[in-house]
Amino acid sequence: MFLLTNTQKVSLSMINMIKKVAVSFLIFFSTVFLMPMSFAADATVDMLNKQGKESMVFSKKIVRVNVGDTVFWKATDKGHNVEFIKKNGVPEGVGKFKSKFNKDVEFKFDIPGIYAYWCTPHKSMGMIGFVVVGDDKSNLDAIKLIKFSGKSKKIAPDLINSL
Ligand SMILES: [Cu+2]
């Protein structure tokens with residue numbers, strides 16, 4: 001058998017302690033610095049069944065971001081999604097975007113302009129939202145042509161005017 005002297009035992013336990021400290025530091029730094037990097041949303045919007053007196057609502061109806069920023073929609077409540085309004089609702093060159101129900105989703109906004117979106121099943125219940133990218137409102141006239149219905153039709157003008 002291999003026997004350790006007391007000095008060797010002490011230095012072994014010191015090595016173990018240093019290891020533990022190093023691991024703790026690693027965990028600490030990866031939590032503080034790496035996590036936010038891998039999850040770099042510049043704005044977060046919750047999909048909600050209720051917020052104050054409103055039901056079926058995006059937590060923020062207007063979000064302003066810079067070109068290249070990412071918006072994260074959190075499926076806080078179930079039964080919702082995010083769908084860009086195809087007709088007149090997005091700047092030229094932006095493709096179709098429709099997320100799955102009950103799923104968190106994010107989108108990186110590389111083209112400046114106003115983006116209008118709704119939750120597909122609640123699009124006439126006021127569950128609409130806008131993202132203004134790069135403070136560019138050059139497609140505002142098109143946004144004003146969007147055909148909203150129901151409660152969304154009632155709340156859209158004020159929202160569009162405050163873009
Ligand atoms: Cu919804």
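Four strands line up as β2-β1-β4-β6 in an open sheet with mixed pairing. On average, neighbouring strands of this sheet are turned by 20° against each other, direction ignored. Keep in mind that you're looking at a predicted model. There is also another open sheet of 4 strands, in the order β3-β8-β7-β5, plus a nonpolar core that takes residues from several strands, including β1 and β7.

**The β2-β1-β4-β6 sheet**

- Who's at the edges here? β2 and β6 (105-109) are. Each has a single partner strand, so one side of each is left without a neighbour in the sheet.
- β1 and β4 pair in the parallel sense, and 4 bridges link them.
- To see a facing pair, look for Asp-46, which stands opposite Lys-74 in β4.

**The β3-β8-β7-β5 sheet**

- This one is also open, and its pairing is mixed.
- The edge spots go to β3 (62-65) and β5 (83-84). Both have just a single partner strand, so each has one side left without a neighbour in the sheet.
- β5 and β7 run antiparallel and are joined by 2 bridges.
- Phe-84 makes a handy landmark, as it stands opposite Tyr-117 in β7.

**The largest nonpolar core**

- This core has 26 residues, and the ones touching the most other members are Val-65, Val-71, Tyr-115, Ala-116, Met-127, Ile-128 and Val-131.
- Which elements give two or more residues to it? They are β1 (43-51), β2 (54-58), β3, β4 (69-74), β7 and β8 (128-133).
- β7 gives the most, with 5 residues.
- Zoom in on Val-71: leaving out residues up to four places away in sequence, Val-71 touches ten you can look up, namely Ala-41, Asp-42, Ala-43, Val-45, Val-63, Val-65, Glu-106, Phe-107, Phe-109 and Val-131.

**A closer look at Ile-114**

- Ile-114 sits in strand β7, which covers residues 113-118.
- Is Ile-114 buried or exposed? It's buried, because 21 other C-beta atoms lie within 10 Å, and the cut-off for buried is 20 or more.
- Setting aside neighbours within four places in sequence, the contacts of Ile-114 are Phe-130, Val-132, Lys-137, Asn-139, Leu-140, Ile-143 and Leu-163.
- Now try Ala-142: Ile-114 and Ala-142 are 28 residues apart in sequence, while their C-alpha atoms are 9.5 Å apart in space.

Conventions: Residues numbered from 1 in each chain as written. Predicted model: local features only at pLDDT ≥ 70, side-chain atom pairs only at ≥ 80, totals over all residues. Buried ≥ 20, exposed ≤ 12 C-beta atoms within 10 Å, placed from the backbone. Contact = placed C-beta atoms within 7 Å. Pairing = 2+ DSSP bridges. Core = buried A, V, L, I, M, F, W, Y, C linked by C-beta atoms within 7 Å. Axes fitted to C-alpha atoms, helices over the stretch in contact; angles between N-to-C directions.
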